[in-house]
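Walk through this structure with the coordinates open. The route starts at charged pairs, passes through cysteines and cores, and ends where the chains meet.

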Amino acid sequence: MPATSRAPLVVELGTGAPLISGSAAVGAALVLGGVFTSTDGQLPGWADPLNLVLTACLYLGPLAAGAAALQVSLQQASGILELAGTTPRGKASAIRLGWLAIASWQSLALLVLCALILVRSDLSGGFSPAMLLLPLQAALLVSACTAAGVAVARLWQHHLAAPAVAVALFAILYLTSDPADRLRVIYPEIHYQIYLEPNPGLLSSTALGLAFATVVAWTGLAVRRSRLRALGFVIAGALLASSVVTRIHTDERPVAVRRPPHSATCYRKHDVRLCTWPFPSRSLEQSLSRLDRMHRVLAMYDDAAPTDFFEVGLVSPERAAAYDMPRHDDLVQDGTEEAMALIPVPTCSRLAVTRAYGELVRWLVVESSRELGHSASAATSAGWVVQRLSAVRASCR
Amino acid sequence: MRSSPDRWLPPHVSGWTLATTAAAVTTAAVAAAAPDVVGLPQIGAMDTVVAPVPALLAWVAALTATTAASEPCPEVFATVPRRAFAVNVARIVLTLAAFTVGAAAATGTRDLAVAGLSARTSMALCGEGLAVASVAGLRYGWLPMTAHLLAAATLGAANRPDLAGWAWIVSPEVGATQVVLSTLLFVIGMTAWTRRARTVLSQPA
């Protein structure tokens with residue numbers, strides 16, 4: 001097949017700015033995803049690695065915008081755009097072709113990064129469909145960033161427009177990543193526990209807003225009257241989309257509690273039964289031993305000490321205690337989570353009651369770490385424990 | 001070469017001198033006057049693990065240096081004598097030096113570390129930019145340095161208590177390895193750039 005009959009997009013993909021910026025982005029993704037970035041300190045599961053992919057858009061998005069701006073400014077500087085303007089397909093079509101090539105390369109870089117991060121992560125901690133909204137949002141964010149790059153380069157014809165739009169977008173994304181900001185699209189500070197997933201409502205509407213802004217920019221290119229009006233069109237569309245999103249989700253957090261599985265997996269040790277999500281952790285055995293040891297200490301003072309423990313997020317039956325099981329393998333646990341599961345949560349928020357609760361938790365952690373039966377303070381502290389337990393159980397008067 | 005009869009500046013004050021001085025003074029002044037306003041993210045880290053001001057200053061310095069490497073007529077430039085060619089290299093080095101001196105002057109004795117960190121990072125970034133520019137042209141010089149800076153500040157500090165080792169260009173501490181690496185990057189970039197400029201066109205059509 002002669003070279004001249006290749007599809008225009010294929011030619012665009014293999015030449016100039018799309019090729020150079022795209023291969024740089026894919027190369028960076030290979031190095032970052034394959035060697036440098038890791039999710040070692042995070043919990044097993046799909047959500048944290050996928051969230052890291054979204055966080056990576058903090059650098060990928062601005063670079064995609066810069067690449068798109070570079071492509072358009074090169075087209076303008078070389079006169080290709082003027083030439084295209086004299087053909088029936090017009091300028092908009094020429095810009096869209098380059099834009100599509102840039103977006104394809106940058107999406108490929110995102111895909112490579114996502115695949116490498118997933119391959120190198122521990123995915124044993126569970127998966128829910130809502131987690132797929134994270135990479136979807138990442139892809140839409142990258143495409144929206146390319147739209148911003150194209151829009152800026154159309155307005156500002158300068159060879160420094162590309163690096164300027166990259167750094168400006170980075171600043172915008174970084175400044176809006178604050179948890180208090182309603183317009184944020186990345187959630188870098190979030191760690192997903194086993195019972196959490198991305199908020200499907202918030203993320204899907206943010207994704208819709210990003211997609212809408214991109215589509216508006218895409219169609220806005222064809223507006224022939226004036227570039228200023230086209231830009232106004234884009235900004236109005238983006239503002240409309242984001243205001244709809246924020247209006248719908250005024251106070252929603254980007255995480256939501258997952259729907260509990262049909263069946264929990266339960267384990268037993270002596271008197272204690274622990275039911276977890278169907279993805280057991282390697283630290284499960286230690287958690288169970290700590291619960292058993294603490295239960296034996298507390299049972300000496302409290303007949304109503306719970307024996308059934310359900311991991312947070314599961315539907316727990318009456319009289320069973322909620323337990324936030326530590327799933328980090330590499331951290332040394334002092335047993336606070338177990339003590340908090342065993343001591344009844346006070347219903348009264350008075351200072352004396354919450355202080356008694358804290359004292360009991362600390363006492364149980366210390367007492368259970370000693371050898372059973374060698375507790376010198378056991379006899380003397382019986383009244384102390386019973387008094388605080390009744391204070392914690394009592395309702396506010 | 002570029003003088004014109006109605007020139008309002010003396011011939012030894014070029015546009016490059018003015019632009020570099022203005023950029024260096026502005027950036028250093030911002031860095032000195034409002035060090036907390038300029039920020040890079042350190043997502044999730046408790047202690048200060050990134051030095052935003054030197055990193056951004058170095059990025060501006062490296063971008064200015066690669067811009068300073070451009071020649072109005074690359075086709076002619078490939079044929080110029082060695083002495084004229086040295087001016088191009090000197091411009092790059094002097095731009096970086098101007099930013100370092102500017103940072104040192106602006107922060108004064110209070111915090112000389114800013115100048116040192118900025119010099120370390122700007123040498124590395126400039127080397128990367130020139131290396132890519134020698135292959136693809138100066139219009140692509142900003143790509144590797146911006147990508148390196150943003151990726152280091154994002155993925156090197158995201159969701160971790162410390163700074164990743166590979167993200168040293170935004171680190172607030174200097175080690176011997178970093179100095180060797182950034183010098184190496186600068187030397188590689190300059191070598192690639194000089195070879196390219198001496199033999200082929202320094203800028204593609």
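Start with Glu285(A), which forms a salt bridge with Lys269(A); their closest N and O atoms are 4.0 Å apart. The pair links distant parts of the chain. Glu285(A) sits in helix α10 (residues 284–299) of chain A, and Lys269(A) sits in strand β3 (residues 265–269) of chain A. The two are 16 residues apart. Lys269(A) counts as partly exposed, because its relative accessibility is 23%. Keep in mind that this is a predicted model.

Side chains of opposite charge can pair when their charged atoms come close. A second example is Arg273(A), which forms a salt bridge with Asp308(A). Here the closest N and O atoms are 3.2 Å apart. Arg273(A) lies in strand β4 of chain A and Asp308(A) in strand β5 (residues 308–311) of chain A, so this salt bridge ties together parts that are 35 residues apart in sequence. Both ends can be placed by accessibility. Arg273(A) is partly exposed at 23%, and Asp308(A) is partly exposed at 21%.

Now move to Arg184(A). Its side chain meets that of Glu189(A) in a salt bridge, 3.1 Å from N to O. Are these two residues buried or partly exposed? Arg184(A) counts as buried, because its relative accessibility is 8% and buried means under 20%. Glu189(A) has 32% and counts as partly exposed. Over all chains, the salt bridge count comes to 7.

Return to strand β4, which spans residues 272–276 of chain A and holds Thr276(A). Thr276(A) is buried, with a relative accessible area of 0%. What surrounds Thr276(A), leaving aside its neighbours within four places in sequence? Its contacts are Ala264(A), Thr265(A), Tyr267(A), Leu284(A), Glu311(A), Leu314(A), Met325(A) and Arg327(A).

Cysteines come next. A search of the whole structure finds 1 disulfide over all chains. This disulfide joins Cys266(A) to Cys275(A), with an S to S distance of 1.9 Å. The torsion about the S-S bond is about 105°, so the disulfide is right-handed. Its two ends differ in accessibility: Cys266(A) is partly exposed at 36%, whereas Cys275(A) is buried at 0%.

Why does Cys57(A) not bond to Cys145(A)? Cys145(A) holds the closest cysteine sulfur to that of Cys57(A), but the distance is 7.5 Å, too far for a bond. A disulfide needs sulfur atoms within 2.5 Å. Cys57(A) is buried, with a relative accessible area of 0%. Cys114(A) is in no disulfide either; its nearest cysteine sulfur, that of Cys57(A), is 9.7 Å away. At 13% relative accessibility, Cys114(A) counts as buried.

Turn to the nonpolar interior. The largest nonpolar core has 125 residues. Those with the most contacts inside it are Tyr59(A), Leu141(A), Ile92(B), Cys126(B), Trp142(B) and Val170(B). Helix α3 (residues 47–78) of chain A gives this core its largest share, 18 residues. Apart from it lies another core, of 28 residues. Among its members are Ala305(A), Tyr323(A), Leu342(A) and Tyr357(A).

Look more closely at Cys126(B). Leaving aside its neighbours within four places in sequence, Cys126(B) is in contact with Ala62(B), Ala65(B), Thr66(B), Ile92(B), Leu96(B) and Phe186(B).

Stay in chain B for Val187(B), in helix α7 (residues 176–199). Val187(B) is partly exposed, with a relative accessible area of 46%. Its C-alpha atom is 9.1 Å from that of Ala124(B), although the two are 63 residues apart along the chain.

The unreviewed UniProt entry annotates "transmembrane region" at residues 49–69, 89–106 and 165–188 of chain B. In the model, residues 89–106 are 100% helix and 0% strand, and their end C-alpha atoms lie 26 Å apart. Residues 165–188 are 54% helix and 0% strand, with end C-alpha atoms 22 Å apart.

Finish where the chains meet. The contact takes 33 residues from chain A and 21 residues from chain B. Together the chains bury about 2,500 Å² between them, 79% of it on carbon and sulfur atoms. In chain A, Ile20(A), Leu63(A) and Phe170(A) lose the most area to chain B, together 19% of what that side buries. How many salt bridges cross this interface? The rule finds 0 between chain A and chain B.

Technical notes: Residues are numbered from 1 along each chain as its sequence is written. Chains are lettered from A and ligands numbered from 1 in the order in which they are written. This is a predicted model: local features need pLDDT of at least 70, side-chain atom pairs count only at pLDDT 80 or more; totals for chains, interfaces and linings use all residues. Side-chain values use heavy atoms; hydrogens and water are left out. Helices (H or I, at least four residues) and strands (E, at least two) are DSSP runs, numbered from the N terminus. Buried means under 20% relative accessible area, exposed over 50%, partly exposed in between (1.4 Å probe, protein chains only). A nonpolar core is a set of buried Ala, Val, Leu, Ile, Met, Phe, Trp, Tyr and Cys residues joined through side-chain atoms within 4.5 Å. Contact means heavy atoms within 4.5 Å. UniProt positions are given in the numbering used here, feature names are shortened, and annotations may be inferred rather than shown by experiment. Buried area is the accessible area (1.4 Å probe) that two parts lose on being put together, summed over both.
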